[in-house]
Amino acid sequence: MTATFAYLRVSKTDLTVDNQRLEIESSGHKVDYWFEETISGSVPAFQRPVFSEMIGKMRPGEQLLISRLDRAGRDCVDIVSTVRELQKRGIKLVILQLGNVDLTSPVGAMILSVLAAAAELERSLLIERTQSGLARAKAQGKKLGRPEKVDDQKSRQIHSLLSSGVSVSQIARDLGLCRNTIIKARKSLQIGAA
């Protein structure tokens with residue numbers, strides 16, 4: 001016998017899953033197992049503890065009910081990824097908001113292709129916004145990337161200590177830096193290993 005699971009999620013502890021539960025109960029589906037979770041919607045579906053636990057308990061042929069699409073994943077990219085993973089596992093996914101359509105069925109595959117196109121657009125727009133923001137920051141003279149651990153003053157200090165024959169380990173301890181940082185500085189200053 002195959003079971004039907006229901007997944008309910010809210011993002012804050014002061015919210016309830018009552019409306020989602022009511023939507024699922026009113027849909028005519030008989031739910032065998034209910035899983036509720038309070039976690040931010042920004043967390044990808046398979047990184048949510050309760051969602052992952054529930055999927056781990058499901059077998060091929062079983063059904064997962066979710067009231068609304070935004071409960072199924074962080075964004076279009078995550079939703080498409082989640083649906084594809086459920087398809088691989090042979091788990092049916094029904095999003096009530098989409099009219100009781102199993103997203104792992106042929107009709108669901110068509111809906112999924114639209115979602116995949118939206119996900120691709122979302123990804124492209126994100127890349128475009130990121131590149132635009134980086135270009136703007138660069139034009140404003142901001143230094144991009146990870147901040148340097150060794151500024152000019154520390155670099156001169158390292159150079160002086162290395163030239164004096166102080167060991168990499170000792171310099172690292174004295175300056176509060178890791179050995180790799182001193183070794184990189186030594187290479188960039190073209191000082192031989194001591």
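**Close-up 1. The two sides of helix α6 in this predicted model.**
Let's start with the outward side: Arg173 and Asp174 are exposed here. Now turn to the rest of the helix, which spans residues 168-175. Val168, Ile171, Ala172 and Leu175 are the buried ones. Why do the buried residues line one face of the helix? Looking down the axis of α6, you'd find them within an arc of 100°, so they line one face. It helps to remember that an α-helix has 3.6 residues a turn, so residues three or four places apart point the same way. And what covers that buried side? The cover includes α5 (152-163) and α7. Just past the end of α6 comes Gly176, with a positive phi of about 70°.

**Close-up 2. The largest nonpolar core.**
How many residues does the largest nonpolar core have? The count is 24, and the ones with the most contacts inside this core are Phe51, Met54, Ile55, Leu64, Ile66 and Leu93. Two or more residues each come from β1 (4-10), α2 (49-57), β3 (63-66), α3 (76-89), β4 (92-95) and α4 (106-139). Apart from this core there's another one, made of 11 residues, and Val168, Ile171, Ala172 and Leu177 are among them. As a bit of background, nonpolar side chains in soluble globular proteins tend to be buried together.

**Close-up 3. Leu64 and its neighbours.**
Leu64 is one of the residues with the most contacts inside the largest nonpolar core. Which residues does Leu64 touch, if you skip those up to four places away in sequence? Early in the chain, you can pick out Phe5, Ala6 and Tyr7. Then there are Phe51, Met54, Ile55 and Met58. Further along, Leu64 also touches Leu86, Ile91, Lys92, Leu93 and Val94.

**Close-up 4. Gly108, tucked into helix α4.**
Is Gly108 buried or exposed? Gly108 is buried, because its relative accessible area is 0%. Leaving out residues up to four places away in sequence, Gly108 touches Val101, Asp102 and Leu103. Val94 sits 14 residues from Gly108 along the chain, and their C-alpha atoms are separated by 9.0 Å.

**Close-up 5. The largest pocket and its lining.**
This pocket has a volume of about 290 Å³. Which helix gives the largest share of the lining? That's α7 (residues 179-188), with five residues. Going round the lining, you'll meet Arg146, Pro147, Glu148, Lys149 and Val150, then Ser155 and Cys178, and finally Asn180, Thr181, Lys184, Ala185 and Ser188. By type, the lining is an even mix: four nonpolar, four polar and four charged residues.

**Close-up 6. Leu162 in helix α5.**
Leu162 counts as buried because its relative accessibility is 7%, and the cut-off for buried is under 20%. Now try finding Ile111 as well: Leu162 and Ile111 are 51 residues apart in sequence and 64 Å apart in space, going from C-alpha to C-alpha.

**Close-up 7. Asn19 in helix α1.**
Helix α1 covers residues 18-26, and Asn19 lies within it. Is Asn19 buried or exposed? With a relative accessible area of 57%, Asn19 is exposed, because the cut-off for that is over 50%. Gly90 is 71 residues away from Asn19 along the chain, with 28 Å separating the two C-alpha atoms.

Conventions. Residues are numbered from 1 along each chain as its sequence is written. This is a predicted model: local features need pLDDT of at least 70, side-chain atom pairs count only at pLDDT 80 or more; totals for chains, interfaces and linings use all residues. Side-chain values use heavy atoms; hydrogens and water are left out. On a 1 Å grid over the protein atoms alone, a cavity is a set of points where a 1.4 Å probe fits but cannot get out, and a pocket is an open set with protein on both sides within 12 Å along at least five of seven lines; lining residues have an atom within 4 Å of a point. Grid points are joined across faces, edges and corners, and a volume is the space filled by probe spheres set on the points. Helices (H or I, at least four residues) and strands (E, at least two) are DSSP runs, numbered from the N terminus. Ala, Val, Leu, Ile, Met, Phe, Trp, Tyr, Cys and Pro count as nonpolar, Asp, Glu, Lys and Arg as charged, and the others, Gly among them, as polar. A nonpolar core is a set of buried Ala, Val, Leu, Ile, Met, Phe, Trp, Tyr and Cys residues joined through side-chain atoms within 4.5 Å. Buried means under 20% relative accessible area, exposed over 50%, partly exposed in between (1.4 Å probe, protein chains only). Contact means heavy atoms within 4.5 Å. The arc is that of the directions from the helix axis to the C-beta atoms.
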